[in-house]
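Trainee: I should like to learn how to read the overall form of a chain and then a metal site. May we work through an example together?

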Amino acid sequence: MSTTDIPAGAVVTAAPAGRPWEAGTLPTEQVGSLPRPAALQAAVLDLEIGVLARDEFARIQDAAVRDTLDRLIATGSPIVSDGEQRRQSFASYPLGADDLDEGPVFAVFADGHHRVVPSISAPPFRFQGWAADDVSAIRPLTDLPLKQAVISPSMLSLMVPAEQAGSSVRAELIEDIVAGCAEDIQRCFVAGASRVSIDFTEGRLALRQDLRAPWAGPAALGGFIELMNAVLDRLTPEQRAATGVHTCPGNANDSAHSADIDYAALIPELFQIEAGYFLMQAASEKDPGRVARLVGRELTALAGAGREQPRVLLGVTDPTSPRLETAEHVRDQLVNAARFIPAELLGSTDDCGFSPYLIDEKPRHGSPDYARDVAFAKIAARVRGTQLASDHLSGGTQ
Ligand SMILES: [Zn+2]
């Protein structure tokens with residue numbers, strides 16, 4: 001079934017449940033994006049200025065997707081994706097041409113560059129593109145389980161013009177955003193995704209006070225969490241169990257936007273989101289072990305409150321650094337984390353998508369093509385190291 005067969009706005013209650021976690025082994029999965037080849041980045045710009053034919057562009061894009069899939073499979077990853085090769089960014093795919101005017105500053109990164117969010121126009125707000133389209137495109141290309149990342153309702157809420165604060169227009173747009181995000185996730189499952197994760201990069205950023213991005217603040221984080229739960233509430237329990245939330249300090253041009261925010265302020269709030277699992281940046285923290293300790297404390301608190309404990313996939317590789325992690329290093333991070341997080345709730349991921357924005361020079365790596373090679377090597381180390389940790393924790397070979 002193609003996702004395009006589903007009428008827009010349909011409530012997809014019959015969507016498949018996603019994929020349950022395999023018992024006895026630590027799960028591992030990528031967040032979402034992989035660096036686009038330099039040829040694809042150049043082709044996007046050439047298409048924009050009209051010096052490249054659309055069918056030639058499609059050929060270059062398809063080749064990038066195929067290459068990504070082949071190389072991801074070669075890492076031994078148990079779950080794969082297209083690495084967002086068809087996307088301009090993790091956040092732009094639902095928007096239409098009318099929504100692309102530049103809005104407010106979203107984030108100022110540590111290297112000094114900044115990104116803005118678009119501004120969405122008057123209600124109704126309807127998704128113009130679905131994450132599920134990427135799932136449908138690769139479903140025939142592999143038998144492996146598929147993972148898909150989706151935009152958060154909180155990111156879309158930042159695109160509602162500030163002058164609408166408190167108005168009925170804002171309320172209407174927010175309702176459209178929540179409905180659209182829930183449908184976006186459900187369509188991914190219908191298209192054949194086993195797991196879906198919501199990019200929540202703005203969660204940690206919300207705690208950063210910066211006059212250049214005045215939307216942020218503790219009240220913003222509370223509002224974001226309400227929006228996330230409103231979306232998750234529209235899923236079936238099975239779909240929610242297979243839906244994750246990704247948190248990170250941002251990643252563009254190998255630079256972060258909120259690594260200076262203390263994780264201890266975010267983590268208790270984060271676990272108020274009723275997702276099935278979390279994908280949490282940890283490897284690039286000054287003290288990755290502290291993340292596991294903080295997470296372990298919150299999981300205990302959730303159990304004490306009678307709440308369900310989510311699965312936690314900890315970041316064991318740093319996508320902003322060309323330095324390769326070894327499988328043994330990954331194993332040791334996970335074995336250490338298992339002192340605080342029960343092994344049956346633990347897993348691994350990368351700290352972030354490797355290139356959340358299509359145009360990404362990956363300056364610390366020297367070039368996008370080299371960054372691609374590095375990304376696949378890091379993923380291979382994560383997959384192998386996670387297997388070593390599984391063996392270790394189950395008392396098998398070390
Ligand atoms: Zn991220």
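The dialogue below moves from the whole chain to the zinc site.

Mentor: Please keep in mind that this is a predicted model. The chain comprises 12 helices and eight strands.

Trainee: How does the radius of gyration of the chain relate to that of a compact globule?

Mentor: One compares the value with that of a compact globule, which for 398 residues would be near 21 Å; the chain has 20 Å, so the two agree. Its C-alpha atoms fill a box of roughly 55 × 50 × 45 Å along the principal axes.

Trainee: What share of the residues of the chain counts as buried?

Mentor: A residue is called buried when its relative accessible area is under 20%. Here 57% of the 398 residues meet that description. Among contacts with a separation of 6 or more, 79% join residues 24 or more positions apart.

Trainee: Which residues coordinate the zinc ion?

Mentor: One looks for donor atoms within 2.8 Å of the metal. In this model the donors are NE2 of H246, SG of C248 and SG of C352, at 2.1 to 2.3 Å. Their spacing in sequence is H-x1-C-x103-C. C248 lies in the loop between β5 (243-247) and α9 (263-270), whereas C352 lies in the loop between β8 (346-349) and α12 (368-393), so the pair links parts of the chain 104 residues apart.

Trainee: Are the two cysteines, C248 and C352, buried or exposed?

Mentor: C248 has a relative accessible area of 1% and is therefore buried. C352, at 8%, also counts as buried, because the cut-off is under 20%.

How values were computed: Residues numbered from 1 in each chain as written. Predicted model: local features only at pLDDT ≥ 70, side-chain atom pairs only at ≥ 80, totals over all residues. Heavy atoms only, no water. Helix = DSSP H or I, 4+ residues; strand = E, 2+ residues; numbered from the N terminus. Rg over C-alpha atoms; globule rule 2.2 N^0.38 Å. Buried < 20%, exposed > 50% of the residue type's maximum accessible area, 1.4 Å probe, protein only. Contact = heavy atoms within 4.5 Å. Donors = N, O, S within 2.8 Å, 3.2 Å for Na, K, Ca; no water.
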